[in-house]
Amino acid sequence: MSELNTFLFNILLFSLFFNVGISLYGIFARPSLIKKIIALTIFSDTANVLAIAVGYRGWPSPSQPPIPPVITTTEPSIDDLTWFARQAVDPLPQALVLTAIVIGLAVTLFLVFLTLQVYRLYGTTDVRRVARLRG
Amino acid sequence: MIELDTLTYLFMALAGVVSLIATYLAVLENDLIRAVIFSALQSTVYAILFYLLMAPDIALVYIPVAVGLYPAVVLFLIKKTERSEGDLGGAGGGSE
């Protein structure tokens, strides 16, 4: 069963890396500014999922499935804490990803209104036409 | 008999493949509204993936932001500007 778990988890990781490639193509090669914004959100989300996957304790062949990093007893003993530290996933990437999601929301809203202003000034959202206007 | 671990990894692999297809369609789609819908599908799959990777708090934050707010804001932007990506093709050549 361990090889099958490794195979399935590798499918997940490879599809995430392919997502990074496709969204980078969307950011750099597509002409529309709105398509660039969509690809940028996909890229940042994929980076977040990769960070969470790095902190996932149950990389293939775990003894038991991992648990979320939440202590459910109010006054944990030493044994509880030892069991928790062995079983729970890493909470540090989750804290970083929470910050990254909020900052990404602010950046996306800024880019949306920047694109709206570009359309109001130049009448298009195509970067090729905007570049020709500026040139 | 299939085990719980294998089932979890099976759903993870399925979510990865679906997100790959949705990203491909979202980036290569010419109609921007359909691209936003594919992007929302990809965000939904990522929310399931966060839950499977034992980060339920991230899933709780991610669902309203990435499934609700991003498509709403981008749809607002598309409504205010232009719907099609406008494939210029050869028109953007060296006509400086």
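A residue counts as buried here if 20 or more other C-beta atoms lie within 10 Å of its own. The structure on screen is a predicted model.

**Chain B**

Start by selecting chain B. Of its 96 residues, 38% are buried. Chain B contains three helices and zero strands, and its pattern along the sequence reads α-α-α. Among contacts in chain B with a separation of 6 or more, 56% join residues 24 or more positions apart.

Next, select helix 2 of chain B, residues 32–52. With 21 residues at 1.5 Å a residue, helix 2 of chain B should span 30 Å, and its end C-alpha atoms are indeed 30 Å apart.

Step just past the end of helix 2 to B:Met54. B:Met54 lies in the loop between helix 2 and helix 3 of chain B. Its phi is positive, about 65 degrees, although B:Met54 is not a glycine. With 26 other C-beta atoms within 10 Å, B:Met54 is buried.

**Where the chains meet**

Show both chains. The contact takes 51 residues from chain A and 50 residues from chain B. On the chain A side, the elements giving two or more residues are helix 1 (2–29), helix 2 (33–54) and helix 4 (91–122). Helix 1 of chain A gives the most, with 14 residues. Coloured by class, the chain A side shows 34 nonpolar, twelve polar and five charged residues.

**Helix 1 of chain A**

Select helix 1 of chain A. Its 28 residues should span 40 Å at 1.5 Å a residue, which agrees with the 40 Å between its end C-alpha atoms. Which residues of helix 1 of chain A are buried? They are A:Asn5, A:Leu8, A:Phe9, A:Leu12, A:Ser15, A:Leu16, A:Asn19, A:Ile22, A:Ser23 and A:Gly26. An α-helix has 3.6 residues a turn, so residues three or four places apart point the same way. What covers the buried residues of helix 1 of chain A includes helix 2 of chain A and helix 1 of chain B.

Two residues of chain B are worth selecting with this helix. Leaving out residues up to four places away in sequence, B:Met12 touches A:Leu8, A:Phe9, A:Leu12, B:Leu49 and B:Leu52. The other is B:Ser19, in helix 1 of chain B. B:Ser19 is buried, with 27 other C-beta atoms within 10 Å. Beyond its neighbours within four places in sequence, B:Ser19 is in contact with A:Ser15, A:Asn19, B:Gln42, B:Val45 and B:Tyr46. For a distance check, draw a line from B:Ser19 to B:Pro56: the two are 37 residues apart in sequence and 19 Å apart in space, C-alpha to C-alpha.

**Helix 2 against helix 2**

Now select helix 2 in both chains. Helix 2 of chain A and helix 2 of chain B pack at an angle of about 10 degrees, their axes 11 Å apart. That angle makes the two helices roughly parallel, because angles under 35 degrees count as such. From chain A, the residues to display are A:Ile34, A:Lys35, A:Ile38, A:Thr41, A:Ile42, A:Asp45, A:Val49 and A:Ile52. They meet B:Leu32, B:Ala35, B:Val36, B:Ser39, B:Gln42, B:Ser43, B:Tyr46, B:Leu49 and B:Phe50. This contact has eleven nonpolar, four polar and two charged residues.

**Helix 4 of chain A against helix 3 of chain B**

Move to helix 4 of chain A and helix 3 (residues 56–80) of chain B, which pack at an angle of about 5 degrees with their axes 11 Å apart. Helix 4 of chain A is thus roughly parallel to helix 3 of chain B. Residues making the contact include A:Leu98, A:Ile101, A:Leu105 and A:Leu109 from helix 4, and B:Val61, B:Val65, B:Leu69 and B:Val73 from helix 3. The residues of this contact divide into 16 nonpolar, three polar and two charged.

Stay on helix 4 of chain A and pick A:Ala100. Is A:Ala100 buried or partly exposed? A:Ala100 is partly exposed, with 17 other C-beta atoms within 10 Å. From A:Ala100 to A:Val130, 30 residues along the chain, the C-alpha atoms are separated by 31 Å.

**The nonpolar core**

Finish with the largest nonpolar core, which has 43 residues. Those with the most contacts inside it are A:Ile34, A:Ile38, A:Ile52, B:Met12, B:Leu49, B:Phe50 and B:Val74. Helix 1 and helix 2 of chain A, with helix 1 (4–28), helix 2 and helix 3 of chain B, each supply at least two residues of this core.

Terms used:
Residues numbered from 1 in each chain as written. Chains lettered and ligands numbered in written order. Predicted model: local features only at pLDDT ≥ 70, side-chain atom pairs only at ≥ 80, totals over all residues. Contact = placed C-beta atoms within 7 Å. Helix = DSSP H or I, 4+ residues; strand = E, 2+ residues; numbered from the N terminus. Nonpolar A, V, L, I, M, F, W, Y, C, P; charged D, E, K, R; others polar. Buried ≥ 20, exposed ≤ 12 C-beta atoms within 10 Å, placed from the backbone. Expected span 1.5 Å × (residues − 1). Axes fitted to C-alpha atoms, helices over the stretch in contact; angles between N-to-C directions. Parallel < 35°, antiparallel > 145°, perpendicular 65-115°, else oblique. Core = buried A, V, L, I, M, F, W, Y, C linked by C-beta atoms within 7 Å.
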